[in-house]
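Q: Can you walk me through this one? I'd like to start with the inside and then move outwards.

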Amino acid sequence: MRFDKRMTDLNALFKFTYGLYVVGVKDGEKFGGCVVDAVMQTTVEPPTLVLCCGKKTRTRELLLENKAFSLSVLPDDVDTEIIKNFGFQSARTADKWAAVKHRLRNGLPVLDDAAAWVVCDITDWRELSTHTLFFATIVDAENGAKKPLSYTDYRERKTKGGKTMKYQWVCKVCGYVYDGDTPFEELPDDYVCPVCGVSKADFEKVEVKEK
Ligand SMILES: Cc1cc2nc3c(=O)[nH]c(=O)nc-3n(C[C@H](O)[C@H](O)[C@H](O)COP(=O)(O)O)c2cc1C
């Protein structure tokens, strides 16, 4: 079979269900890591998983160097800033854990806000074309009370238009519901409510019940 890009709709892959995780890995005296969705449990005994990491990432270099990592399962109410911090910049230029609330488990950082977390030792890896597939054994884990965020829910949260959004930003003073194209979190600090003029800080994030 030959792969023909013109005939193949890779959007089908967005219907595969994944969670979202933050990897934590040692980087000298500090820590690195990034957002990943490509994680899959493999055997039950021993408890193992595979993690697929892009070859250009700093995280991959650090995983190869340290052979151990933590994985924090992102909760469904995760602050978008966490995803931006870990997923849209590199630890080559940013100290990603510096301003994020976390604790150390087995010497590795896990998010205070995680729905659950695991710490893993890397037992093997395999180089693929664009990614490295890491095989890992779980050495410590804790389950939390929060629900996990799925990749699909994360994508829907980013979709504008109200119907598929899981959250809306509502003015606490007059009830105006923000409906602009720019994600509310990315509006400038001097944004004001167009109806009553109060500041951005006077908006609250409200969960939208799905119809
Ligand atoms: C929603 C989302 C899912 C991602 N999934 C993966 C993934 O499964 N594997 C991966 O290597 N990178 C993934 N990334 C990209 C990395 O998080 C991103 O390249 C990061 O900036 C790498 O940082 P680093 O250079 O510090 O490792 C994802 C990013 C986002 C926002």
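A: Sure. A nonpolar core here means a set of buried Ala, Val, Leu, Ile, Met, Phe, Trp, Tyr and Cys residues joined through side-chain atoms within 4.5 Å. Buried means under 20% relative accessible area, exposed means over 50%, and partly exposed is in between (1.4 Å probe, protein chains only). Before we go on: this is a predicted model, where local features need pLDDT of at least 70, side-chain atom pairs count only at pLDDT 80 or more, and totals for chains, interfaces and linings use all residues. Residues are numbered from 1 along each chain as its sequence is written, and side-chain values use heavy atoms, with hydrogens and water left out.

Q: OK, so which residues have the most contacts inside the largest nonpolar core?
A: Those are V36, L49, L51, L63, F69 and L71, in a core of 22 residues. At least two core residues come from each of β1, β5 (48–54), α1 (58–66), β6 (68–73), β9 (116–127) and β10 (131–143). Strand β9 gives the largest share, 4 residues.

Q: How many helices and strands does the protein have?
A: There are 3 helices and 12 strands, taken as DSSP runs numbered from the N terminus (helices are H or I, at least four residues; strands are E, at least two). Of the 211 residues, 38% count as buried.

Q: Switching to charges. How many salt bridges are there?
A: The structure holds 11, counting a side-chain nitrogen of Lys or Arg within 4 Å of a carboxyl oxygen of Asp or Glu. One network of salt bridges links D27, R58, E61 and R92.

Q: Nice, what does R58 do with D27?
A: R58 forms a salt bridge with D27, and the closest N and O atoms are 3.0 Å apart. This pair links distant parts of the chain, with R58 in helix α1 and D27 in strand β1, 31 residues apart. D27 counts as buried because its relative accessibility is 16%.

Q: And where does E61 sit relative to R58?
A: Both are in helix α1, 3 residues apart, about one turn of the helix. Their salt bridge has its closest N and O atoms 2.6 Å apart. E61 has a relative accessible area of 32%, so E61 is partly exposed.

Q: What about R92 and E61?
A: Another salt bridge, with the closest N and O atoms 3.0 Å apart. R92 lies in the loop between α2 (80–87) and β7 (102–105) while E61 is in helix α1, so the pair ties together parts that are 31 residues apart in sequence. R92 is partly exposed, because its relative accessible area is 45%.

Q: Now the ligand. Which residues come nearest?
A: Of the 22 residues around the ligand (a heavy atom within 4 Å), D37, G54, T59, S90 and A91 come nearest.

Q: Which polar contacts should I look at?
A: Polar contacts with the ligand are pairs of N or O atoms within 3.5 Å. A polar side-chain atom of D37 lies 2.7 Å from a ligand nitrogen. Backbone N or O atoms of A38 and G87 lie 3.0 Å and 3.4 Å, respectively, from an oxygen atom of the ligand. The protein buries 85% of the 650 Å² that the ligand exposes when taken alone.

Q: Last one: is D189 buried or exposed?
A: D189 counts as exposed because its relative accessibility is 73%. Its place is the loop between β11 (167–171) and β12 (203–207).

Key: A polar contact is a pair of N or O atoms within 3.5 Å; within protein, one must be able to donate a hydrogen and the other to accept it, and residues adjacent in sequence count only if both atoms are side-chain atoms. Accessible areas come from the Shrake-Rupley method with a 1.4 Å probe; for residues, only the protein chains shown count as cover.
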